[in-house]
Amino acid sequence: MNDNFQKCAFPAEISDAAEIILRGGIGAVPTETVYGLAADALNPDAVRKIFEAKGRPFIDPLIVHVDSIEMAMELAEPLPGMSKMAEAFWPGPLTMVLPRKACVPDIVAAGLPTVALRMPSHLLIRELISRCGRPLAAPSANPFGYVSPTCAEHVREQLGDRIDFIIDGGECKCGLESSIVLMASSPKKLLRPGPILPDKIEAVLGEAIERNPKKNDARPQAPGMLDSHYSPKSRLKLFDVPSDIPADFCGEIIFIKRPSNPSGREYWLSESGDLDEAARNMFSLLRALDKISKHGFYCQRPPAEGIGLAMLDRLSRAETKI
Ligand code: TXA
Ligand code: MG
């Protein structure tokens, strides 16, 4: 769907959305990772509306989306490695945390000396940024702490009455949020695993990065690092093999790959066990089951490799702790 957009004219809503953003409104827009809730990043009153609509604490800084390196350089100081990373991974699902310039409002960065920047590859959000001529602050378009939205309907259900527009770009290609790298530290740190894998980042940088940074006790560097985040309302537990599941459990069970003889309460993230497909479907299935589940659900632990690392990160935070 996203790729098809390259051949289409941009929908008329894009101009309306740009006007709304420039007047200080907020709205949901697709990216290749998940849907974002966007506002003019340089307008603190508009950015405040994002926090209010999501119920997001003001200590949790936002990612700012740009459509060019030039726009990025108006917002942040360059650091060694930044150009190489941008050249290799932008536009795409990589966010870099860099020292922020004075024009970035405090509310965007939650008072931190840094700003998180990303140039998305999805043409709809890039077109919106270009038409606004402004960077867009955009966290995932979900109530704070809940699973991120991967289609317009997810946003409509939860935030539809609190925001000014939703641009429907179909399903998101990745289905998991961007990889976040803290560039302003030595060694550089992977604050959130995502679609751009740590091996690739290290190969481009030519140096090792800290892959599992400890959260700062006083203040997490990314609330996505909070122990409980990305959570459905129902109880969620992880399992490795079916024999881990208690015999008397009568809720739903999610497998990575379609089981050979599925029963009515077994679900799967990919027919063939393809991890990219599983990642793309994961949030959507968690949401769907959250609506019907009476006894909670079990989800199979993905392998800790490739995109499985990012799936595992989200699932472990979503897992019910007892
Ligand atoms: O794929 C994505 O990154 C999506 C799409 C919409 O671009 N956005 C997204 O935003 O996932 P959000 O707000 O749900 O997650 C952004 C994370 C938060 O955990 C936040 O703490 C972290 O980025 N972050 C933002 N600015 C930061 C900074 N200056 N230092 C450290 N972490 C930062
Ligand atoms: Mg989020």
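Q: How much area do domain 1 and domain 2 bury between them?
A: This is a predicted model, so-called local features need pLDDT of at least 70, side-chain atom pairs count only at pLDDT 80 or more, and totals for interfaces use all residues. Residues are numbered from 1 along the chain as its sequence is written, and side-chain values use heavy atoms, with hydrogens and water left out. The automatic or database assignment splits the protein chain into domain 1 (3-205) and domain 2 (236-318). Buried area is the accessible area (1.4 Å probe) that two parts lose on being put together, summed over both; 58% of it here is on carbon and sulfur atoms, and the total is about 1500 Å².

Q: Which residues of domain 1 lose the most area to domain 2?
A: Three residues together account for 35% of what the domain 1 side buries. They are Val 147, Leu 176 and Pro 193.

Q: How many residues of domain 2 are in contact with domain 1?
A: Contact means heavy atoms within 4.5 Å. On the domain 1 side, 22 residues qualify, and on the domain 2 side the count is 15.

Q: Which residue forms a salt bridge with Lys 291?
A: The rule wants a side-chain nitrogen of Lys or Arg within 4 Å of a carboxyl oxygen of Asp or Glu, and it finds 2 salt bridges across the interface. For Lys 291, the closest N and O atoms are 2.8 Å apart, and the partner is Glu 157.

Q: Which helix gives the most to the side of domain 1 that touches domain 2?
A: Helices here are DSSP runs (H or I, at least four residues), numbered from the N terminus. The one in question spans residues 152-159 and gives 3 residues: helix H7.

Methods. Chains lettered and ligands numbered in written order. Helix = DSSP H or I, 4+ residues; strand = E, 2+ residues; numbered from the N terminus.
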